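Here is a friendly briefing to read with the model open beside you. Take a moment to turn it around, then follow the topics below.

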Amino acid sequence: MVGRDNIQFRLPLLLILLPILFSGGCKSLQKVNFASANDKNTALIVEKTLSSEPHFRYLDIKKMSLKVNLNNQNEYNSPANCKIITDSAIHISVQPFFGLEMFVARLTPDTFIFIDKTKNTCYQSDYAFLNSKFNLDMSYNTIQSIIMNQLFAAGETQILPAIFGNLNDKNSAAGLQYENEKYTGKVKLTPEFRISEVEVNIKSGAEKFNVSYSGFGDTGKATSFPFNLDFKVSNSYRAFGLNINILRLIADETITLPELNLNKYQKGNISTLIK
């Protein structure tokens, strides 16, 4: 059984890993052709989804609440904030006690950095390590898409209408589905063609990733944003959950990321952090 202290320590790391466990990546996978893959209706749904999703250059989530749940037995909550510069960096600061920063995660297209200030330790690696650790294909772009409520397809490097077929689901206004050599996926949409839920399954096992979006609220721009994101990752013996409740955000105002002086910290072995 995972203890509360261990949950607290792994919270920022889970925030990184939950979205990327089933992220699409570098390989070109064999695709399964849906009967409706080239249907005009499918192409129109993809087009409307892409045009309706957020396209912010900057997203500054100034206040949010994180809730982690492991195996429905242990739960940990913490305030945090997140800064995103599209296609450049995702910066997450976790502040469990009175705004005191204890953990930092910085993702870029090439690397990720995790700083545990309670242990004065910095961990740094690239996505190749995570690929080898979890036997997956991961990319920064897909992590960004998941957080930003944008369309993605696990195992695909491009979003093309031919990837998808129509998803007929009574609980969604419209939807898309896809299948390739490694993954199957479903995307549920609102009447406004915003993504309300994504489900990804690994075909070779029981692993499943799900993220749902709700509470679409005003951003001060033309496009709304989901203020509640609910991530779930499970297999036959373990389940992780992460809920992000956004309390305040600012879109498309220039962001300057905090400087990270990694020389201040001792270097940790990333292999000991993820096991």
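Tyr178 is buried, with a relative accessibility of 2%. This is a predicted model, and Tyr178 makes a handy place to begin, since the ring of Phe164 pairs with it. In total, the structure holds five aromatic pairs. After the rings, two polar residues in loops get a closer look.

**Aromatic pair: Phe164 and Tyr178**
- The two rings meet edge-to-face, with 5.8 Å centre to centre and 90 degrees between the planes.
- This pair links distant parts of the chain, as Phe164 sits in the loop between H4 and S7 while Tyr178 belongs to strand S8 (residues 174-179), 14 residues apart.
- Phe164 has a relative accessibility of 0%, so this residue counts as buried.

**Aromatic pair: Phe209 and Phe231**
- The ring centres of Phe209 and Phe231 are 6.4 Å apart and the planes stand at 35 degrees, so this pair is tilted.
- Here too, distant parts of the chain are linked: Phe209 is in strand S11 and Phe231 in strand S12, 22 residues apart.
- Phe209 is buried, at a relative accessible area of 0%, and Phe231 is buried as well, at 1% relative accessibility.

**Other ring features**
- One aromatic cluster is made up of Phe103, Phe114 and Tyr123.
- Arg57 is placed over the face of Tyr58, 5.4 Å from the ring centre.

**Thr219, in a loop between two strands**
- Look for Thr219 in the loop that runs between strand S11 (208-217) and strand S12 (225-234).
- Thr219 has 8% relative accessibility; because buried means under 20%, this residue counts as buried.
- Its side chain reaches the backbone nitrogen of Lys221 at 3.2 Å.
- A polar atom of the Thr219 side chain also lies 2.6 Å from the backbone oxygen of Thr223.
- Leaving aside residues up to four places away in sequence, Thr219 touches Phe56, Ser224, Phe225, Leu249 and Ala251.

**Gln150, in the loop between H4 and S7**
- Gln150 lies in the loop between helix H4 (140-147) and strand S7 (165-166), and Phe164 is in the loop between H4 and S7 too.
- With a relative accessible area of 11%, Gln150 is buried.
- The side chain of Gln150 comes to 2.7 Å from the backbone oxygen of Pro54.
- Residues up to four places away in sequence aside, Gln150 touches Glu53, Pro54, His55, Ser145 and Ile195.

Methods: Residues numbered from 1 in each chain as written. Predicted model: local features only at pLDDT ≥ 70, side-chain atom pairs only at ≥ 80, totals over all residues. Heavy atoms only, no water. Helix = DSSP H or I, 4+ residues; strand = E, 2+ residues; numbered from the N terminus. Buried < 20%, exposed > 50% of the residue type's maximum accessible area, 1.4 Å probe, protein only. Polar contact = N/O pair within 3.5 Å; in protein donor to acceptor, adjacent residues only side chain to side chain. Contact = heavy atoms within 4.5 Å. Phe/Tyr/Trp six-rings, centres within 6.5 Å; stacked < 30°, edge-to-face > 60°. Lys NZ or Arg CZ within 6 Å of the ring centre and 35° of its normal.
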